[in-house]
Amino acid sequence: MHKMVENQIRISVRDLVEFVLRSGDLDNRRGTVNREAMQEGSRIHRKIQKRMGAGYQAEVGMKMVFPVQNVEILLEGRADGIMVDEEGNVTIDEIKGMYQDVSLFQTPFPVHRAQAVCYAYMYAVKHEMEKMGIQMTYCNIETEEIKRFHEVCSRKQLTDEVSGYIREYAKWAQFMYEHRKARNASIKELQFPYPYREGQRKLVVAVYRSMTQGRNLFIQAPTGIGKTLSTVFPAVKAVGEGWADKIFYLTAKTITRAVAQESFHILRNDGMKLSSVIITAKEKLCVAEQVECNPVACVRAKGHFDRVNAAVYDLIQHEEEATRDVIVSYAEKYQVCPFEMCLDVTYWMDAIICDYNYAFDPNVKLQRFFSEGVTGEYLFLVDEAHNLVERAREMYSARILKEEILEAKRLYRGHERITKKLDRCNRALLALKRECERYRVLPEGEGLGALMLGLESLYGELETFRDKHPGFEPHKEALEFFFLIRDFLNTYDRMDEHYRVYTEVLEDGSFMVKLLCVNPAFQLKECLEKGNSTIFFSATMLPIQYYKELLSGNQEEYAVYVGSPFEQKKRLLCVGCDVSSRYTRRTHREFEKILTYIDVAVSEKKGNYLVFFPSYQYMEQVFCLAEEKERPYDIVKQDTHMTEEMREAFLGHFEESRANSLVGFCVTGGIFSEGIDLRRDRLIGVMVVGTGLPQVCTEREILKEYYDEKEKKGFDFAYRFPGMNKVLQAAGRLIRTMDDRGIILLLDDRFLTREYVEQFPMEWDDYLPVRMDTVGEKIREFWKNQME
């Protein structure tokens, strides 16, 4: 690890020219200005480079420092190719793989030419060349047809063009330097804002050391320890001391983003001048009735790129905290798209608080920070990291349904070139369907060749169609289908040994082909290696080996276990040994047992309770049984597809004072099993029915087989570990502060087996086995002790 040079501002060649040259409208009806294939630098690049012979140097890294007043602008990047002919003439080659018909191109795209110009200038200065050739090579992904544009530029011409780009960027670089200087000075004397809780200082030190040593760290720490501030504070200190320049606070939930924002706000109140921005979803920022980003549907889209730089510069000059309201205000002032402006603001802010997908999802990630060849002085704080496993699997997987191809034929009726290619894809899917009874795993994707060729051909035709028919209706459905095909092709390009391909006839009769990423660690690693250090933290990162395997792929990564700061005597943990949620025992008698446990627990102390069930169906069975006679407590029940208002109404019941006790019926792994904070008397008991095992399905069985092949205990990886995490999350709704008291009942005899006891947190070592006829006594004794 090395410290940063305070007055040196790094920018990639690509970012510089895109920033300086962009202008005009925001228009999602057409391909973006930068239309090369998503998997830039991959197959087609390598193929062209290999054809060019011995005199061709591929992927040549370059960098140059441009002094501007008291700032050094470090321009860096990687030229696709450098060609030297027999006479010593040198040409820079900029290669772009395209899905469009390259034969129709009349001139190169300005940003691609500008990239070649920058590399040519850097080469000319280093090697004292008076002239340089630049070549823009466009290659169609499907046909491999190539079109090249070539020109020769004098050293003066190159100097003038690149100097112009640097002049345009200079005021921004100067701002970054002045801000960095003030930021670092403010952080130097910054202290932790509160007295350390038990275990908290250990956590802060471990995070700081990991960051300064360029290591990753896994943290298992309970609710109440102050994980957010304990990771944000050392990250801020590391930035102030030059170990990094940007913090990404990544999370899966809006509520945790708010907690992160509050942590930065607390430090700002103590004099910190580190700036931050929250990325809000496009749908929540859009001021139009419908999200249609084109100059016909939205007045702000017209000329957006002509105004947005002024809007961003104004904001960063005056705001340290770019909240949703701040972004909306400046976007209104300059009449630009607030979402696109928000993304631009991230480049100039020190901390970015956002969803996982802005860093990891190949289709959504912020290209300025995470595109191929780009690295930075980043720190990643991954909150609620247990959620990243399934989210990452989803990000790196893709699927296509035969029925979606048939629906697209209806969309594009009358456009023969597209419908012919859709027919070709449909025939390929039909052939795969004939080989599939229920589901079928295709080893190494065998048999997909015809489908992939058909989809590549279709995608190229869709690209051309979008350019020729920007006003095509129905636009939204067509755009969704376009992205579906694009994502499937890109996922196929990324596939490696950590994928499994399978076909399946679904319950509704539709036919699916899925590219399943079984272990996302190696895809995540590509993103994380672009930064300096990653901190994974959660209250439920057990067993830690499971998360190391799926989030980093390296069992040697450092890990810290922080014990609970809460007194164990304030919490009773009981395990029912005479009840089970096994499928074979889901009978009326078993439902009665569950209800008996609820009745006994609630009868011992009036208050609010949550009961978590393994499924909606199971919950309904117990609920119906409970409704058969009057109970001395009220029941509120989670419904499927609850809106935000319905969710708030459900939680609102726990705020009310009432004559009877309140029991909330919820589903394990659902919206109420994590991310809610019911403190003190708002919740005094949690009961978890069953071990949280995911339902048996094709995907889970494929995961099980994969890990069995790796000798990793497939059942644990596919079922037990994910299930136990849901249990821990649900149980974690209780005891949120030092003043909280309450009971936890685990209602399944499997919790008493070695395989489950080994997954218990250390502070669960005081668990008590109970039966229906003994649990009341234990609960009564616990509440009596709390009164003393």
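In the predicted model, strand 9 (residues 276-278) and strand 10 pair in the parallel sense, over 2 bridges. Valine 277 has alanine 322 in strand 10 as its bridge partner. These strands belong to an open sheet of 8 strands. The order is 10-9-11-8-12-17-7-18, and the pairing is parallel. Strand 10 (321-322) stands at one edge and strand 18 (558-561) at another. Each has a single partner strand, so one side of each is left without a neighbour in the sheet.

Helix 6 (residues 227-240) packs on this sheet. The helix touches strand 7 (217-220), strand 8 (246-251), strand 12 (378-382) and strand 17 (533-538). Its direction makes about 160° with that of strand 8.

Two loops that follow strands of this sheet carry notable backbone features. In the loop between strand 17 and helix 20 (544-551) lies proline 543. A cis peptide bond joins this proline to leucine 542, with omega at about -10°. Glutamate 384 is placed in the loop between strand 12 and helix 14 (388-396). Its phi is positive, about 45°, although the residue is not a glycine. The relative accessibility of glutamate 384 is 18%, so it counts as buried, the cut-off being under 20%.

Glutamate 711 also has a positive phi, near 60°, and is a residue other than glycine. This glutamate sits in the loop between helix 24 (698-709) and helix 25 (714-731). Is glutamate 711 buried or exposed? Its relative accessible area is 75%, so glutamate 711 is exposed; the cut-off for that class is over 50%.

A further group of strands centres on strand 5 (residues 131-140). Of its 10 residues, 9 are buried, so strand 5 is largely enclosed by the rest of the structure. Strand 4 (residues 90-98) pairs with strand 5 in the parallel sense over 8 bridges. Within this pairing, isoleucine 92 stands opposite isoleucine 134 of strand 5. The chain crosses from strand 4 to strand 5 through helix 3 (residues 110-127). This β-α-β crossover is right-handed.

Strand 5 is also joined to strand 6 (residues 146-154), by 9 bridges. These two strands run antiparallel. Glutamine 135 has histidine 150 in strand 6 as its bridge partner. Strands 5 and 6 form a hairpin, with 5 residues between them. In the turn, glutamate 144 has a positive phi of about 65°.

Helix 1 (residues 13-21) is mostly covered, with 7 of its 9 residues buried. The buried residues are Val13, Arg14, Asp15, Leu16, Val17, Phe19 and Val20. They pack against strand 1 (8-12) and strand 3 (71-84). Their other packing partners are helix 3, helix 4 (155-188), helix 9 (304-318) and helix 13 (367-370). Helix 3 thus appears both here and in the crossover between strands 4 and 5.

Over its full length, the chain has 27 helices and 25 strands. Its radius of gyration is 29 Å, close to the 28 Å that the globule rule gives for 788 residues, so the chain is as compact as a globular protein of that length. The C-alpha trace spans about 95 × 70 × 50 Å along its principal axes. Buried residues make up 58% of the 788. Among contacts with a separation of 6 or more, 78% come from residues 24 or more positions apart. The chain exposes about 33,900 Å². Carbon and sulfur atoms supply 48% of that area.

Definitions and conventions. Residues numbered from 1 in each chain as written. Predicted model: local features only at pLDDT ≥ 70, side-chain atom pairs only at ≥ 80, totals over all residues. Heavy atoms only, no water. Buried < 20%, exposed > 50% of the residue type's maximum accessible area, 1.4 Å probe, protein only. Helix = DSSP H or I, 4+ residues; strand = E, 2+ residues; numbered from the N terminus. Pairing = 2+ DSSP bridges. Right-handed = clockwise from strand over helix to strand, strands pointing away. Rg over C-alpha atoms; globule rule 2.2 N^0.38 Å. Contact = heavy atoms within 4.5 Å. Areas by Shrake-Rupley, 256 points an atom, 1.4 Å probe, with all protein chains shown as cover. Axes fitted to C-alpha atoms, helices over the stretch in contact; angles between N-to-C directions.
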